[in-house]
Amino acid sequence: MTPTARRIGRSLALVLPVVLVLSGTLAVSAVPWAGEDAGTQLTASSSEVSVRAKSRAPQDILRDQLLAELQEKDPGVALTHLQREVENRPSLAKHCMSIARSLGRAAVEQYGPSRAQGFSRPVCDTSYATGVMRAS
């Protein structure tokens with residue numbers, strides 16, 4: 001056997017397994033395992049597997065509910081519900097201003113600054129109006 005053939009054989013012996021492993025990995029990851037949608041692919045990461053789901057704080061849950069309500073109805077209804085929740089659960093009072101500002105910013109995105117300002121109420125020291133003003 002010539003030295004050239006031996007060198008080609010060694011190169012193939014090193015490169016061929018790497019190519020086969022990579023092509024097999026790509027082929028398996030491209031198969032839509034879980035869904036009927038062809039865009040759905042099964043991918044996993046070790047960092048995602050070991051992370052525990054975080055429980056959400058009550059103020060974050062309330063903020064999300066009120067923002068959804070603002071989208072479905074209007075900011076006035078969301079502000080009224082914010083005021084009722086703070087009265088029913090005083091522990092939310094320290095978060096009232098930030099929630100009201102978030103509602104103000106969301107109202108500007110949906111209704112525009114002048115119409116959003118029309119929904120203003122004296123909830124949480126007029127933080128809603130501050131959110132509207134800063135978003136404008």
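# A guided tour of helices α3, α4 and α5

Arginine 63 and aspartate 60 are both located in helix α3, three residues apart, which is about one turn of the helix. The model on display is a predicted one, and the tour begins with this pair.

**First stop: a pair within α3.** Select arginine 63 and aspartate 60 and show their side chains, which meet in a salt bridge with an N to O distance of 3.3 Å. Side chains of opposite charge can pair when their charged atoms come close. Which of the two partners is buried, and which is partly exposed? Arginine 63 has a relative accessibility of 18% and therefore counts as buried, the limit being under 20%. Aspartate 60, with a relative accessible area of 29%, is partly exposed.

**Second stop: arginine 56 and aspartate 64.** Select these two residues next. They form a salt bridge in which the closest N and O atoms are 2.0 Å apart. Arginine 56 counts as partly exposed at 46% relative accessibility, and aspartate 64 is partly exposed as well, at 38%.

**Third stop: α3 against α4.** Select residues 58-72, which make up helix α3, together with residues 75-88, which make up helix α4. Two packed helices are described by the angle between their axes and the distance between the axes. Here the axes come within 8 Å and cross at roughly 155°. Because angles over 145 degrees count as roughly antiparallel, α3 and α4 are roughly antiparallel to each other. Their crossing is right-handed. To view the contact, display Leu62, Leu66, Glu69 and Leu70 on the α3 side, and Pro75, Val77, Ala78, His81, Leu82 and Glu85 on the α4 side. By class, this contact of α3 with α4 has seven nonpolar residues, one polar residue and two charged residues.

**Fourth stop: alanine 78.** Centre the view on alanine 78, which is placed in helix α4. Is alanine 78 buried or exposed? Its relative accessibility is 0%, so alanine 78 counts as buried. Leaving aside residues up to four places away in sequence, alanine 78 touches Leu66, Glu69, Leu70 and Leu103. Add leucine 67 to the selection: alanine 78 and leucine 67 are 11 residues apart in sequence, and their C-alpha atoms are 7.4 Å apart in space.

**Fifth stop: glutamate 85 and arginine 89.** Glutamate 85 has already appeared in the contact of α3 with α4. Select it again with arginine 89: the two side chains meet in a salt bridge, at 3.8 Å from N to O. Glutamate 85 counts as partly exposed at 26% relative accessibility, and arginine 89 counts as partly exposed at 35%. How many salt bridges does the model contain? The count comes to three.

**Last stop: α3 against α5.** Keep α3 selected and add helix α5, residues 96-111. The axes of α3 and α5 come within 10 Å and cross at roughly 25°. Angles under 35 degrees count as roughly parallel, and α3 and α5 are therefore roughly parallel to each other. The crossing of α3 past α5 is right-handed. On α3, display Gln59, Leu62, Arg63, Leu66, Leu67, Leu70 and Gln71; these meet Ser98, Ile99, Ser102, Leu103, Ala106, Ala107, Gln110 and Tyr111 in α5. By class, the contact of α3 with α5 has nine nonpolar, five polar and one charged residues. Arg63, from the opening pair, is among the α3 residues that meet α5. Leu103, which alanine 78 touches, is among the residues of α5 in this contact.

Note on methods: Residues are numbered from 1 along each chain as its sequence is written. This is a predicted model: local features need pLDDT of at least 70, side-chain atom pairs count only at pLDDT 80 or more; totals for chains, interfaces and linings use all residues. Side-chain values use heavy atoms; hydrogens and water are left out. Axes are lines fitted to C-alpha atoms, for helices over the stretch in contact, and angles run from 0 to 180 degrees between N-to-C directions. Helices (H or I, at least four residues) and strands (E, at least two) are DSSP runs, numbered from the N terminus. Angles under 35 degrees count as roughly parallel, over 145 as roughly antiparallel, 65 to 115 as roughly perpendicular and the rest as oblique. A crossing is left-handed if the near helix is turned anticlockwise from the far one by less than a right angle, and right-handed if clockwise. Contact means heavy atoms within 4.5 Å. Ala, Val, Leu, Ile, Met, Phe, Trp, Tyr, Cys and Pro count as nonpolar, Asp, Glu, Lys and Arg as charged, and the others, Gly among them, as polar. Buried means under 20% relative accessible area, exposed over 50%, partly exposed in between (1.4 Å probe, protein chains only). A salt bridge is a side-chain nitrogen of Lys or Arg within 4 Å of a carboxyl oxygen of Asp or Glu.
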